[in-house]
Amino acid sequence: NMSFPVNTSVKKGTVVKWYNQDGYAHTVTSDDGNSFDSGNLASGATFSYTANTVGTFQYHCNIHTGMKGTLTVTN
């Protein structure tokens with residue numbers, strides 16, 4: 001659907017998993033460029049990230065720049 005969940009909130013230590021259900025490659029890349037980066041995910045691929053740092057993380061797809069989301073990690 002060429003979109004991420006807009007806002008996702010999880011507790012610290014949660015494993016967050018993104019599924020690429022589109023027919024196009026995507027990335028899951030934190031806006032800060034350091035927190036997480038999936039690299040290219042082909043259709044049907046997944047990316048997991050263990051949310052060990054409390055905070056709010058904006059992220060995007062490097063390929064489709066209009067795809068954006070926010071991950072909030074709480075204690």
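Which residues does Leu 71 touch, not counting residues up to four places away in sequence? In this predicted model, the contacts of Leu 71 are with Thr 8, Val 10, Val 16, Trp 18, Phe 36, Tyr 49, Gly 55, Thr 56, Phe 57 and Tyr 59. That list offers a way into the structure, beginning with the strands and passing on to the core, the pocket and the loops.

The strands S1, S6, S5 and S3 form an open sheet, in the order S1-S6-S5-S3 and with mixed pairing. At its edges lie S1 and strand S3 (29-30), each of which pairs on one side only. S1 and S6 run in the parallel sense and are paired over 5 bridges. Two residue pairs illustrate this pairing: Ser 9 has Thr 72 of S6 as its bridge partner, and Lys 11 has Thr 74 of S6. The pairing of S5 with S6 is antiparallel and comprises 6 bridges. Here Phe 57 stands opposite Leu 71 in S6, and Phe 57 is also one of the residues that Leu 71 touches.

From the sheet one may turn to the nonpolar core. In soluble globular proteins, nonpolar side chains tend to be buried together. The largest nonpolar core of this model contains 16 residues. Within that core, the residues with the most contacts are Trp 18, Val 28, Phe 36 and Leu 71. At least two residues of the core come from each of S2, strand S4 (46-50), strand S5 (55-60) and S6. Trp 18 and Phe 36 also appear among the contacts of Leu 71.

A further question concerns empty space. Rolling a probe the size of a water molecule over the atoms shows where such space is left. The largest pocket has a volume of about 280 Å³. It is lined by 21 residues, and those closest to its centre are Ser 3, Phe 4, Pro 5, Trp 18 and Tyr 19. Two elements, strand S2 (15-19) and strand S6 (68-74), give two or more residues to this lining. S2 gives the most, with 4 residues. By residue class, the lining of the largest pocket divides into 11 nonpolar, 8 polar and 2 charged residues. Trp 18 thus links two parts of this account: Trp 18 is among the residues with the most contacts inside the largest core, and Trp 18 is also among the residues closest to the centre of the largest pocket.

Outside the strands, three residues deserve attention. Met 2 is located in the segment before strand S1 (7-11). Its phi is positive, at about 55°, although Met 2 is not a glycine. Met 2 counts as partly exposed because its relative accessible area is 35%, a value between the 20% and 50% cut-offs.

Thr 53 belongs to the loop between S4 and S5. With a relative accessibility of 45%, Thr 53 is therefore counted as partly exposed. Thr 53 and Ser 35 are separated by 18 residues in sequence, and their C-alpha atoms are 9.0 Å apart in space.

Thr 65 lies in the loop between S5 and S6. Its relative accessible area is 58%, so Thr 65 is classed as exposed, the cut-off being over 50%. Thr 65 and Thr 14 are 51 residues apart in sequence, and the distance between them in space is 26 Å, C-alpha to C-alpha.

Notes: Residues are numbered from 1 along each chain as its sequence is written. This is a predicted model: local features need pLDDT of at least 70, side-chain atom pairs count only at pLDDT 80 or more; totals for chains, interfaces and linings use all residues. Side-chain values use heavy atoms; hydrogens and water are left out. Buried means under 20% relative accessible area, exposed over 50%, partly exposed in between (1.4 Å probe, protein chains only). On a 1 Å grid over the protein atoms alone, a cavity is a set of points where a 1.4 Å probe fits but cannot get out, and a pocket is an open set with protein on both sides within 12 Å along at least five of seven lines; lining residues have an atom within 4 Å of a point. Grid points are joined across faces, edges and corners, and a volume is the space filled by probe spheres set on the points. Ala, Val, Leu, Ile, Met, Phe, Trp, Tyr, Cys and Pro count as nonpolar, Asp, Glu, Lys and Arg as charged, and the others, Gly among them, as polar. Two strands pair if DSSP finds at least two bridges between them. A nonpolar core is a set of buried Ala, Val, Leu, Ile, Met, Phe, Trp, Tyr and Cys residues joined through side-chain atoms within 4.5 Å. Contact means heavy atoms within 4.5 Å.
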